[in-house]
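Me: I would like to go through this model with you and ask, for each term used, what value stands behind it.

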Amino acid sequence: MNTEIIVALLALVGTLAGSGGGVLVSSKLTNYRLEQLEKRVAEHNNYARRMPVVEEQMKNLLQRVTELERLHERE
């Protein structure tokens, strides 16, 4: 076999291996980042569910404080 053909085939194999490795690493990084984003979205959704409860509790506490202030003013 001619030396130039052997060198060309080795270059082709190296190029394919390097490209394939790059694609795999890039894919793993993309999957990792997607997982991290999903975790953050889930955490945000948890806060979004809890906020109406906290708002209702704050409303009740403000009403109680207002009532206590009125009672204190009467004394």
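Reply: The answers below concern a predicted model, and each sets a value beside the cut-off that it has to meet.

Me: Why is Ile 5 called partly exposed?

Reply: Partly exposed is the class between buried, under 20% relative accessible area, and exposed, over 50%; Ile 5 has 43% relative accessibility and therefore counts as partly exposed. Ile 5 is found in helix α1, which covers residues 3-74.

Me: What makes Asn 60 partly exposed?

Reply: The relative accessible area of Asn 60 is 36%, so partly exposed is the class that applies, given the limits of 20% and 50%. Asn 60 also lies in helix α1, and its C-alpha atom is separated by 82 Å from that of Ile 6, the two residues being 54 apart along the chain.

Me: How do you know how the radius of gyration stands against that of a compact globule?

Reply: For a compact globule of 75 residues the expected value would be near 11 Å, whereas the protein has 32 Å. The C-alpha trace spans about 110 × 15 × 5 Å along its principal axes, and the protein has one helix and zero strands. Buried residues make up 0% of the 75 residues.

Me: What makes up the nonpolar patch on the surface?

Reply: The patch is formed by Met 1, Ile 5, Ile 6, Leu 9, Leu 10, Leu 12 and Leu 16, which together have about 740 Å² of accessible area. Membership requires over 30% relative accessible area, and Ile 5, at 43%, illustrates this.

Notes:
Residues numbered from 1 in each chain as written. Predicted model: local features only at pLDDT ≥ 70, side-chain atom pairs only at ≥ 80, totals over all residues. Heavy atoms only, no water. Patch = residues over 30% accessible without salt bridge, like charges linked within 9 Å, V, L, I, M, F, W, Y side chains within 5 Å. Areas by Shrake-Rupley, 256 points an atom, 1.4 Å probe, with all protein chains shown as cover. Salt bridge = Lys/Arg side-chain N within 4 Å of Asp/Glu carboxyl O. Helix = DSSP H or I, 4+ residues; strand = E, 2+ residues; numbered from the N terminus. Buried < 20%, exposed > 50% of the residue type's maximum accessible area, 1.4 Å probe, protein only. Rg over C-alpha atoms; globule rule 2.2 N^0.38 Å.
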